[in-house]
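This briefing looks at one protein chain and at how its side chains pair and pack. The sequence and the model come first, and the notes follow by topic.

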Amino acid sequence: MATEAPPPPRNGTEAASDPVSPTTEQFVQVQEGAEFVELRRTYRSFAFPLTLAFIAWYLLYVLLSNYAGGFMGTKVFGNINVALVLGLGQFLTTFLIAWLYSRHAANRLDPKAEAIRHRMEGDA
């Protein structure tokens, strides 16, 4: 989808004063290019499966809470039951996914995005 709006200014500078600002056509050309398609594929191949897995895990927890009260009330040790352990597991899973995504982005997404940015800005 192409638009005639100029790209947003960076670092508080005006886009009109930047002599190497890419044009709309250049943005569209990069967006349709193989390198950008690969960047999106790399992002989606990580984000979509993990999102679906987490939603399934969350729904399992909710369904167990609603329909398996006896199981969820089973004591693991002391006053700690299965529901509490699985509930805390939700938090741990959230932090784990955020950490994994951070590593994935730093190792796979950011270098590809930087290469595209440098090429568009004329740095490379």
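With a relative accessibility of 32%, Arg117 counts as partly exposed, and its side chain meets that of Glu114 in a salt bridge with an N to O distance of 2.8 Å. The model is a predicted one, and its protein chain contains four helices and two strands, which follow one another from the N terminus in the order α-α-α-β-β-α.

**Salt bridges**

- Five salt bridges are present in the structure, and the pair of Arg117 and Glu114 lies within helix H4, where the two residues are three apart and therefore separated by about one helical turn.
- Glu114, like its partner, is partly exposed, with a relative accessible area of 35%.
- Salt bridges with shared partners join Glu38, Arg41 and Lys112 into one network.
- Within that network, the side chains of Glu38 and Lys112 meet at 3.4 Å, N to O; because Glu38 lies in helix H2 and Lys112 in helix H4, this pair ties together parts that are 74 residues apart in sequence.
- Glu38 is partly exposed at 29% relative accessibility, and Lys112 is likewise partly exposed, at 26%.
- A further salt bridge, at 2.3 Å from N to O, is formed by the side chains of Glu35 and Arg119, and since Glu35 belongs to helix H2 and Arg119 to helix H4, it ties together parts that lie 84 residues apart in sequence.
- Both partners count as partly exposed, Glu35 at 33% relative accessibility and Arg119 at 41%.

**Core and contacts**

- The largest nonpolar core consists of six residues, namely Val30, Leu39, Ala105, Leu109, Ile116 and Met120, and helix H4, which spans residues 82–121, gives the most to it, with four residues.
- Val30, when its neighbours within four places in sequence are left aside, is in contact with Phe36, Ile116, Arg119 and Met120.
- Of the contacts in the protein chain with a separation of 6 or more, 57% are between residues 24 or more positions apart.
- Buried residues make up 16% of the 124 residues in the protein chain.

**Surface**

- The protein chain exposes about 9100 Å², of which carbon and sulfur atoms supply 65%.
- Ile55, Tyr58, Leu59, Leu63 and Tyr67 make a nonpolar surface patch of about 570 Å².
- Tyr67 has its place in helix H2, which covers residues 34–67, and this residue counts as exposed because its relative accessibility is 72%, where the cut-off for exposed is over 50%.

Conventions:
Residues numbered from 1 in each chain as written. Predicted model: local features only at pLDDT ≥ 70, side-chain atom pairs only at ≥ 80, totals over all residues. Heavy atoms only, no water. Core = buried A, V, L, I, M, F, W, Y, C linked by side-chain atoms within 4.5 Å. Buried < 20%, exposed > 50% of the residue type's maximum accessible area, 1.4 Å probe, protein only. Contact = heavy atoms within 4.5 Å. Areas by Shrake-Rupley, 256 points an atom, 1.4 Å probe, with all protein chains shown as cover. Patch = residues over 30% accessible without salt bridge, like charges linked within 9 Å, V, L, I, M, F, W, Y side chains within 5 Å. Salt bridge = Lys/Arg side-chain N within 4 Å of Asp/Glu carboxyl O.
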